[in-house]
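This report concerns the fold of one protein chain and the packing of its secondary structure elements. Please consult the sequence and the coordinates alongside the text.

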Amino acid sequence: MKINKTLSSLFLFIILFSHRGFAQEARQLYSAAVQEAESGNRDFAFMRCRELLENNPDSKHASDAAFAIGEYYFITANYENAAEALSNFINDYPDSKGLPFVLMYLLKVPQIHKNESLVEKLKNQIISLKRLSLLFQESKGYAYTSPLGIKYRMMYYIDKVELYVDDKLFENITY
């Protein structure tokens with residue numbers, strides 16, 4: 001009986017220790033990705049984010065890493081992989097702060113390929129995503145900074161949505 005308690009305690013200790021190690025590894029990979037991006041090495045930041053997502057898919061930084069992967073593909077004009085990564089993001093992290101900005105990038109892909117029906121569908125999704133009552137205010141804003149250091153802002157007005165990337169207008173959707 002005493003051996004079983006000892007083995008159980010040892011097993012529990014190993015599980016707790018290994019979980020802590022994975023969390024620390026994820027935090028280190030995320031920090032390394034951010035540092036690489038700050039140094040202008042987006043390629044290396046992308047690799048760190050991909051490694052984090054592959055090795056620690058349940059970490060608290062996984063959604064940010066997934067966003068950065070789709071973002072990287074988009075800014076390097078790899079639109080097919082961007083669309084896949086960003087669609088996976090929507091499925092895996094539907095409550096993420098980055099969701100409106102993922103939709104923003106997904107909107108650009110069919111615009112590039114001139115798929116008007118998909119463009120309209122995504123515009124409507126963006127409009128309805130965060131549209132809150134603006135009864136007592138003129139606008140409502142949302143912001144997100146990616147691990148690659150890119151700053152996003154989305155402003156909802158009564159008649160339009162403006163999407164900014166690094167304070168430059170990226171898209172304007174009227175309704």
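The text below treats the chain as a whole, then a helix pair, then the sheet.

**Overall composition**

The model is a predicted one. Its protein chain contains 6 helices and 4 strands. Read from the N terminus, the order of elements is α-α-α-α-α-α-β-β-β-β. The chain has 175 residues, of which 39% count as buried. About 10,800 Å² of the protein chain is exposed, and carbon and sulfur atoms supply 53% of that area. Among contacts with a separation of 6 or more, 44% are made by residues 24 or more positions apart.

**The pair α4 and α5**

Two packed helices are described by the angle between their axes and the distance between the axes. For helix α4 (residues 79-92) and helix α5 (residues 99-112), the axes come within 10 Å and cross at roughly 145°. The crossing of α4 past α5 is left-handed. On the α4 side, the contact is formed by Tyr79, Ala83, Leu86, Ser87, Phe89 and Ile90. These meet Leu99, Val102, Leu103, Tyr105, Leu106, Val109 and Ile112 of α5. Sorted by class, the residues in this contact are 12 nonpolar and 1 polar, with no charged residues.

**The sheet**

The 4 strands form an open sheet in the order β1-β2-β3-β4, and their pairing is antiparallel. Its edges are β1 (139-145) and β4 (168-174), each of which pairs on one side only. On average, neighbouring strands of the sheet are turned by 15° against each other, with direction ignored. Helix α5 packs on this sheet and touches β1, β2, β3 and β4, and its direction makes about 80° with that of β4. Helix α5 thus has contacts with α4 and with the sheet.

Two of the strand pairings are set out here.

| Strand pair | Sense | Bridges | Facing residues |
|---|---|---|---|
| β1 and β2 | antiparallel | 7 bridges | Ser139 opposite Tyr157 in β2 |
| β2 and β3 | antiparallel | 5 bridges | Tyr152 with Val165 in β3 |

Strand β2 covers residues 151-157 and strand β3 covers residues 160-165. The hairpin of β1 and β2 has 5 residues between the strands, and in this hairpin Gly149 adopts a positive phi near 85°.

Note on methods: Residues are numbered from 1 along each chain as its sequence is written. This is a predicted model: local features need pLDDT of at least 70, side-chain atom pairs count only at pLDDT 80 or more; totals for chains, interfaces and linings use all residues. Side-chain values use heavy atoms; hydrogens and water are left out. Axes are lines fitted to C-alpha atoms, for helices over the stretch in contact, and angles run from 0 to 180 degrees between N-to-C directions. Helices (H or I, at least four residues) and strands (E, at least two) are DSSP runs, numbered from the N terminus. A crossing is left-handed if the near helix is turned anticlockwise from the far one by less than a right angle, and right-handed if clockwise. Contact means heavy atoms within 4.5 Å. Ala, Val, Leu, Ile, Met, Phe, Trp, Tyr, Cys and Pro count as nonpolar, Asp, Glu, Lys and Arg as charged, and the others, Gly among them, as polar. Two strands pair if DSSP finds at least two bridges between them. Buried means under 20% relative accessible area, exposed over 50%, partly exposed in between (1.4 Å probe, protein chains only). Accessible areas come from the Shrake-Rupley method with a 1.4 Å probe; for residues, only the protein chains shown count as cover.
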